[in-house]
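User: I am new to this structure and would like to go through its main features in question and answer form. Please show the sequence and the structure before we begin.

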Amino acid sequence: MIAEAMARAGSGVIHLHTTMLAPAVPLLAAGLYGYPPGFYAAMALSAFQSLHYYLRENSVAAFPVQVRVAYLGLLVVAQWQPLYWIYWVQLVGTTAMVMFDYCFLARCLSLLPWNRTEPLSFQLVLRTYFS
């Protein structure tokens with residue numbers, strides 16, 4: 001399933017070009033430790049990445065674009081104080097992506113109906129998250 005999504009979208013689906021994503025880790029950490037401009041810089045980086053992949057893929061529906069837009073959306077909604085905890089989830093997830101090449105967000109998005117070619121099942125979910 002993940003391999004199919006990667007094949008459809010080309011390289012970088014799960015890898016998310018770690019070199020472009022790595023700066024988000026210290027930016028999120030700075031924001032969480034009392035420097036709010038870190039969040040804005042992370043949003044700007046994410047917006048730039050979204051635009052970059054949109055121009056490269058020429059479609060908003062392209063999987064790499066979906067991942068970046070979803071990441072940016074999470075950054076934006078976390079600005080609302082009751083959802084501030086999302087920043088911690090993003091810091092952990094982005095760090096895992098950079099260190100271990102595991103993107104939980106991409107795997108979640110791959111399970112959406114328009115990103116999969118087989119019916120949703122428990123086995124598919126297991127393969128998606130544990131492969």
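**Helix contacts, cysteines and loops**

User: Which hand does the crossing of H5 and H6 have, left or right?

Analyst: Helices are DSSP runs of H or I with at least four residues, numbered from the N terminus. A crossing is left-handed if the near helix is turned anticlockwise from the far one by less than a right angle, and right-handed if clockwise. By this rule, the crossing of H5 and H6 is left-handed.

User: On what kind of model do these statements rest, and how are residues numbered?

Analyst: This is a predicted model, in which local features need pLDDT of at least 70 and side-chain atom pairs count only at pLDDT 80 or more, while totals for chains, interfaces and linings use all residues. Side-chain values use heavy atoms, with hydrogens and water left out, and residues are numbered along each chain as its sequence is written, from 1.

User: At roughly what angle do the axes of helix H5 and helix H6 cross?

Analyst: Axes are lines fitted to C-alpha atoms, for helices over the stretch in contact, and angles between N-to-C directions run from 0 to 180 degrees. Helix H5 covers residues 63–77 and helix H6 residues 86–100, and their axes come within 9 Å. The crossing angle is roughly 145°.

User: How many nonpolar, polar and charged residues does the contact of H5 with H6 have?

Analyst: Contact means heavy atoms within 4.5 Å. H5 contributes Tyr71, Leu74, Leu75 and Val77, and H6 contributes Ile86, Tyr87, Gln90 and Thr94. Ala, Val, Leu, Ile, Met, Phe, Trp, Tyr, Cys and Pro count as nonpolar, Asp, Glu, Lys and Arg as charged, and the others, Gly among them, as polar. The contact therefore has six nonpolar, two polar and no charged residues.

User: What separates the C-alpha atoms of Val76 and Tyr87?

Analyst: Val76 is found in helix H5. Val76 and Tyr87 are eleven residues apart along the chain, and their C-alpha atoms are separated by 9.8 Å.

User: Why is there no bond between the sulfurs of Cys108 and Cys103?

Analyst: A disulfide is a covalent bond between the sulfur atoms of two cysteines. Here the term is applied to a pair of cysteine sulfur atoms within 2.5 Å, and a search of the whole structure finds zero disulfides. The sulfur of Cys108 has its closest cysteine sulfur in Cys103, and the two are too far apart for a bond because the distance is 8.5 Å.

User: Is Ser50 buried or exposed?

Analyst: Buried means under 20% relative accessible area, exposed over 50%, and partly exposed in between, with a 1.4 Å probe and protein chains only. Ser50 lies in helix H4 and touches Arg68, Val69 and Leu72, not counting residues up to four places away in sequence. With a relative accessible area of 8%, Ser50 is buried.

User: Within what arc do the buried residues of H3 fall?

Analyst: Helix H3 spans residues 24–32, and its buried residues are Ala24, Leu28, Gly31 and Leu32. The arc is that of the directions from the helix axis to the C-beta atoms. Seen down the axis of H3, the buried residues line one face of the helix, because they fall within an arc of 95°.

User: What is the phi of Asn58?

Analyst: Asn58 lies in the loop between helix H4 and H5 and counts as exposed, at 64% relative accessibility. Although Asn58 is not a glycine, its phi is positive, at about 60°.

Note on methods: Helix = DSSP H or I, 4+ residues; strand = E, 2+ residues; numbered from the N terminus.
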